[in-house]
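I opened the notebook to look up how side chains pair in this model, and how the chains meet. My entries follow.

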There are 2 protein chains.
Amino acid sequence: MDWKHIQFDWNHARAFLVVADEGSLSAAGRAMAISQPTLGRQITALESQLKVTLFERVGKGLTLTQSGLRLYEYVKKMADAANEFSLVAQGQSNEVSGDVCISLTELDAYFRFAPLISKFKEYAPNIRLEVQVSNDISDLKRREADVALRYQRPTQPDLITKKIGSEHAYLYGHQDYVKHFANKKPQDVSNLQLIGFDHSDQMKHYLMEMGFPARDDQFTVICKNQLVQLQMMLQGGALAFLPDHIAARFPELVPAFVESFKPIELDMWLVCHRELHTSRKVRLVFDFLSENLNIK
Amino acid sequence: MDWKHIQFDWNHARAFLVVADEGSLSAAGRAMAISQPTLGRQITALESQLKVTLFERVGKGLTLTQSGLRLYEYVKKMADAANEFSLVAQGQSNEVSGDVCISLTELDAYFRFAPLISKFKEYAPNIRLEVQVSNDISDLKRREADVALRYQRPTQPDLITKKIGSEHAYLYGHQDYVKHFANKKPQDVSNLQLIGFDHSDQMKHYLMEMGFPARDDQFTVICKNQLVQLQMMLQGGALAFLPDHIAARFPELVPAFVESFKPIELDMWLVCHRELHTSRKVRLVFDFLSENLNIK
DNA sequence: TTCTATCTATTCATATTTGTATGTCCAGGT
DNA sequence: ACCTGGACATACAAATATGAATAGATAGAA
C-alpha cells in the first residue's frame, strides 16, 4: 500500500468541509465547538500544504474558490465514510450492550426477522435480543417488550410509533382447492371452508362487508397460530387470510375470489416507549428493525 | 448538516487504517514516518472514544477484532476519498503550473483531445497546454513536445512509453461509392480510386500484401492532412484508411472489401522523456492523457 | 457618514501531542 | 535454559496546537 497521498492532516480536511458548509470560520467554529482562530489556522495549514487556495477571503466570510469547490466533493466523500464509520462503531460499542426484548407476530418472526439475525449480530454484537413471538397486542407499558411490531397504530401518547411499511392481506388457499371456485362468486359457493383466527367476529364481519355472509359452521378450524394456519392451508381444503408477501413464498397458494374481495390493507408500525427511545441499545434495535424489517 | 458523527479525530482513523494494514504499530510507524508510541496512543484514544476494541493485543503485533474488521472497511472508504482528494489537489496546486506541449495527430487532436479541454481545465487549471498538431514523428529529444501520442513504440531507452489503447484501421469510403464494389474482390475492380498519405510505398505495400497490387495512377490525391483526407472521402469517389472509431462517427462512411482485407492494428503509445516524467506538470499531463485519451 | 454587528487576523499563555529513550514482554533459535 | 530480535508500554522533555482576549476590517442599517 502506498500511503503518501493520505499523509495530509485529515482533521484539516474535516475543518475544510465544515467551513465550506457553514460559510465562515466563526460559524464553523460554533458548529463543531472549536475556536475560530484554530479553524483559521487549520485551513491555512491545509492550503499551504496542498499549495491550493481553497477560500477567497472576501471581507466578511470566506467563499470557495474554483479549486476549493472541486476539492469539496472529495472531503464530502470522506465525511460520508466517516459518518458510516461512526454509526457502525456505535453498534459495535461495548457500551451498547445488554438485552433488548422485541415483540413480533409469528409470521414476522419466522419470515422476516429470522433471516436478519446474522446481520443483526454484525450490527450490534453486544446486544442480546429476546424475541417474544405473539399475536397478542402485548402491553409495552408493562415492559413485556422494548420494541414491538404492530399492525395498528397505538394511540398512547407516551409511545413512539413509526410506520415502516404496509402490506396487503388476502384470502388464500391451496390451488387444488381454490380451482373449484374459479370464476365463481363467494355467494355462489355454499360449502366454502375457512380457517378462523379466533372466536371474535372480525373475520365474519369483513366477509359480510364484501357481500359474503359466512356462517359459523364454515370455520373448519379456529387457530391463533399463524404458522399452523399456514400449514393447514397448504394441505388444502380451507381458505385463510394471509399477507401477500408470505403467500408469494408458496407457489401452491393462490388467492381466492380475486374479483369479489378487495385486499385488506395493513400498515406496519414499529412501536417503542418514548423514554426507552433514549436508551442507546433500544434505539439501536429500533433503528435496525425500522431499516431492515420491511424488506419483503 | 449534522456534524456530531464526524467529531472523532480523523487522524486517529487514519492511524487505525495504517496499523490495520501494516499489522503492527511499529511497521505502521515506519510506513508513515511517525513514532510507534504515537500510533499506539492514537489507536488507544480512538478505541476509548468509540468504546470499541479494535485490536487484540496478542504477543507480537496486533490483530483486528471482529469489530475492527467491520470498521476497517469504512476507514478504507475514507482513505480512498482522501486519496482522490490529494490527487485532485495536486492538479489544482499553484505549484503545478506552466506550459506543457503535447504532440498529437490531426485526428486525435480533433476527435479525441478537443472534447477533453474543459475536463483538463478542471483537472489542472494552472497548466497551459500547447497542442502541436502534426503527423510527423516529431523529435521528443529536441523538446519539440513534452508528451506525444504515437502509433509506433519508440525504441530510445531514455523515453517512457505507455500503451494506452489500440485501434483498428480500415479502408473506408462513402457508401455511395463503396456500393459499386459490393461483394466484389479488390482484384476484380480495375479503376479503384485511393487517397494516399504520402509518396512512400507503405500503403501500396500493405495493399499488395492483402493480394491487391495498387497502381500509382489509382492514387487520385496524396494528402498528409488526415482531416482533409476525411473530408475528401466524405465527398465520395475514393477510398482511404481510417481508424474505426473515427469512421463510426460518420454514418455515410462504410468499410470497403470487408471480406478481403484484414484490419490494420494500431497500438497507441503515450511517450515522454524519462527526465521530464519527474516534472510534476508533465507527469500530470501524461497521467491525464493516459487516462482520458483512449476513450472512444 | 457613522454606528453596529460580525467577520478574520494576531498575540500569548496553556493544553495537548509528539518523539526519544527506556523498560518490558513474547516467540523462536541455539 | 538462555539469548536475541522485534514488538508494545511508559516517562519526560520538546514541539505543536489550542483557546481567550484583542485588534483590525467590512457590510449593512440608521
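I first fixed the exposure classes: buried is under 20% relative accessible area, exposed is over 50%, and partly exposed is in between (1.4 Å probe, protein chains only). The model is predicted, so I noted its limits: local features need pLDDT of at least 70, side-chain atom pairs count only at pLDDT 80 or more, and totals for chains, interfaces and linings use all residues. Residues are numbered from 1 along each chain as its sequence is written, chains are lettered from A and ligands numbered from 1 in the order in which they are written, and side-chain values use heavy atoms, with hydrogens and water left out.

**Entry: salt bridges**

I took a salt bridge as a side-chain nitrogen of Lys or Arg within 4 Å of a carboxyl oxygen of Asp or Glu. Over all chains I have 26 of them.

I looked up A:Asp267 and A:Lys163, which bridge at 3.6 Å, N to O. A:Asp267 sits in strand β11 and A:Lys163 in strand β6 (residues 159-174) of chain A, so the bridge ties parts 104 residues apart in sequence. I take helices (H or I, at least four residues) and strands (E, at least two) as DSSP runs, numbered from the N terminus. A:Asp267 is partly exposed at 23%, and A:Lys163 is partly exposed at 45%.

Next came helix α11 of chain B. B:Arg283 and B:Asp287 bridge there, with the closest N and O atoms 3.3 Å apart. They are 4 residues apart in the helix, which means a separation of about one helical turn. B:Arg283 is partly exposed at 37% relative accessibility, as is B:Asp287 at 25%.

What does B:Glu95 meet in a salt bridge within chain B? Its partner is B:Arg280, at 3.4 Å, N to O. B:Arg280 lies in helix α11 (residues 280-292) and B:Glu95 in the loop between α4 (66-92) and β3 (98-104), so parts 185 residues apart in sequence are tied together. B:Glu95 also meets A:Lys51, at 3.2 Å. Shared partners join A:Lys51, B:Glu95 and B:Arg280 into one network.

**Entry: the interface**

I counted contact as heavy atoms within 4.5 Å. Chain A gives 48 residues and chain B gives 48 residues. The buried area (accessible area, 1.4 Å probe, that two parts lose on being put together, summed over both) is about 4800 Å², with 63% from carbon and sulfur atoms. A:Trp3, A:Trp10 and A:Phe85 supply 17% of what chain A buries against chain B, more than any other three residues. I found 6 salt bridges across this interface.

**Entry: aromatic pairs**

Rings of Phe, Tyr and Trp (its six-membered ring) pair if their centres lie within 6.5 Å; planes under 30 degrees apart are stacked, over 60 edge-to-face, the rest tilted. I have 28 pairs over all chains.

A:Phe85 and B:Phe16 have centres 6.4 Å apart and planes at 50 degrees, so I logged the pair as tilted. This pair crosses between chains, from helix α4 of chain A to helix α1 of chain B. Are A:Phe85 and B:Phe16 buried or exposed? Both are buried.

A:Tyr206 and A:Phe261 are also tilted, at 6.5 Å and 40 degrees. They lie 55 residues apart, in helix α8 and in the loop between β10 and β11 of chain A. Both are buried. Ring pairs link them into a cluster with A:Tyr177, A:Phe181, A:Phe241 and A:Phe257.
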